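Let's take a walk through a protein model together, going from the overall fold to single residues. Please keep the viewer open as you read.

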Amino acid sequence: MSGKKMPSEEIIKKYIDEDFWNEKIKRFDVDKTLGLHFGFYEKGIHNHADAVINMNNYIERLLELKNRSKKIERILDAGCGFGGTVIYLAKKHPEISFYGISINPQEVKLARYFAQERHVLSNTQFIAADYENTVFPSNYFDCVIAVESLSYSNKSKQKKFIIEMNRILKPGGKLVVIDGFFSKIPSNSFMKKMVDIYEEKRKFEFYIESEFNKSVLYSEESSLPELEEINKFASYLKEYGFLNVNIKDISKNISPSVMKNSFLLINSLFSKDKKIKMLKDMRTISFYDSLMYFFSVFFTKVGKIIRYYTIISVKK
């Protein structure tokens, strides 16, 4: 076997669908950031790539990693994607062991490659695992983060996630969730209709995102993703053993990223009618579908029905 190093482009093509990778470049500047999440805009942040990287800095502050009085040994990223956040923080904090899990083995292979490329193999580990049933011992982690990973699950899996995170966190350990939730379920019939359309199209968007999603993650219709209400999610945390649940609406900080992603998504949907196999059915995605999705995105954002939150809680 040749010892010649393969170029990054060849590695990426080997492990991941090229169209999927190129689409993530458009949405998250993944080739620069390795991030599969929205950017965090604040003073001094002026472009999308910097905002995606700044989300990692925001997480660093939430975990208080610069506070030397706090003894932090192990941190888990539950739903790590290509390992962007783990690799970024591991580079800055070599004294801490960082772990990343993804249900997609191809993402894990790429994360390991990028960790080697960026010289953080000594304090990173990437494992293919489902965050509702991990391989880790109980009371193992000081902190767990989940950045836009619950968005991919249904409400039942979100409860199982909380139970599992409670198991693997040390007593007093911190759980940080950063994701989109319903701020409320509207009572107005028109807005209810917009929410129903949004949810239906969102499920379709997640389903067709990759071959892995279609064949494995969402192979059953019951497994398709659902958004939860923020107050219900907070109540689950309390029910399953977490204290000091703190919720912060950071929609303003990520709105430029949301606008960019919404525009790209809607632009891709506004195409000729096309038939796409979803689960066992052939479904036609029409211009009308795209138009209705556009309106549902617009009204749910304007009506502040879907918001983006940071939820911090502590294990008893």
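The paragraphs below begin with the whole chain, then turn to helices and to individual residues.

A word on the ground rules: this is a predicted model, in which local features need pLDDT of at least 70 and side-chain atom pairs count only at pLDDT 80 or more, while totals for chains, interfaces and linings use all residues. Residues are numbered from 1 along each chain as its sequence is written, and side-chain values use heavy atoms, with hydrogens and water left out.

The secondary structure of the protein comes to 12 helices and nine strands; here helices (H or I, at least four residues) and strands (E, at least two) are DSSP runs numbered from the N terminus. Of the 316 residues in the protein, 54% are buried. Buried means under 20% relative accessible area, exposed means over 50%, and partly exposed is in between, with a 1.4 Å probe and protein chains only. Contacts, meaning heavy atoms within 4.5 Å, often reach across the sequence: among those between residues at least 6 apart, 76% join residues at least 24 apart.

Let's look at a helix pair. Two packed helices are described by the angle between their axes and the distance between the axes. For helix α7 (residues 155–168) and helix α10 (residues 230–239), the axes come within 9 Å and cross at roughly 35 degrees. These axes are lines fitted to C-alpha atoms, for helices over the stretch in contact, and angles run from 0 to 180 degrees between N-to-C directions. The crossing of α7 past α10 is right-handed, a term used when the near helix is turned clockwise from the far one by less than a right angle. Which residues meet here? On the α7 side they are Gln158, Lys159 and Ile162, and on the α10 side Phe233, Tyr236 and Leu237. By class, the contact of α7 with α10 has four nonpolar, one polar and one charged residues. In this scheme Ala, Val, Leu, Ile, Met, Phe, Trp, Tyr, Cys and Pro count as nonpolar, Asp, Glu, Lys and Arg as charged, and the others, Gly among them, as polar.

Next comes helix α8 (residues 189–207). The expected span of a helix is 1.5 Å times one less than its number of residues, so the 19 residues of α8 should span 27 Å, and its end C-alpha atoms are indeed 27 Å apart. At the N-terminal end, Asn188 acts as a cap, with a side-chain oxygen 2.8 Å from the backbone nitrogen of Phe190. Buried residues of α8 include Met191, Met194, Val195, Ile197 and Phe204, and also charged ones, among them Glu199, Lys201 and Arg202. Tyr198 also belongs to α8 and is buried, with a relative accessible area of 9%. Tyr198 and Phe298 are 100 residues apart in sequence, yet their C-alpha atoms are 9.7 Å apart in space.

From α8 we can step to strand β5 (residues 169–182), where Phe182 is found. Phe182 is in contact with Val195 and Glu199, and also with Leu227, Glu228, Glu229, Ile230, Ile305 and Ile306, leaving aside neighbours within four places in sequence. With a relative accessibility of 3%, Phe182 counts as buried.

Two further buried residues are worth a click. Ala111 lies in helix α6 (residues 105–117) and has 0% relative accessibility. Beyond four places in sequence, Ala111 touches Gly81, Phe82, Gly83, Ile87 and Phe126. His93 sits in the loop between α5 (84–92) and β2 (97–102), and is buried at 2% relative accessibility. Its contacts, with neighbours within four places left aside, are Glu60, Leu65, Lys66, Arg68, Phe98 and Asn123.

What about Asn244: buried or exposed? Asn244, in strand β6 (residues 242–249), is exposed, with a relative accessible area of 61%. Even so, Asn244 touches Ile312, Ser313 and Val314, not counting residues up to four places away in sequence.

Finally, have a look at two backbone angles. Asn139, in the loop between β3 (124–128) and β4 (141–147), has a positive phi of about 55 degrees although it is not a glycine. Asn139 is partly exposed, at 41%. Glu148, in the loop between β4 and α7, likewise has a positive phi of about 55 degrees without being a glycine, but Glu148 counts as buried, at 11% relative accessibility.

Note on methods. A polar contact is a pair of N or O atoms within 3.5 Å; within protein, one must be able to donate a hydrogen and the other to accept it, and residues adjacent in sequence count only if both atoms are side-chain atoms.
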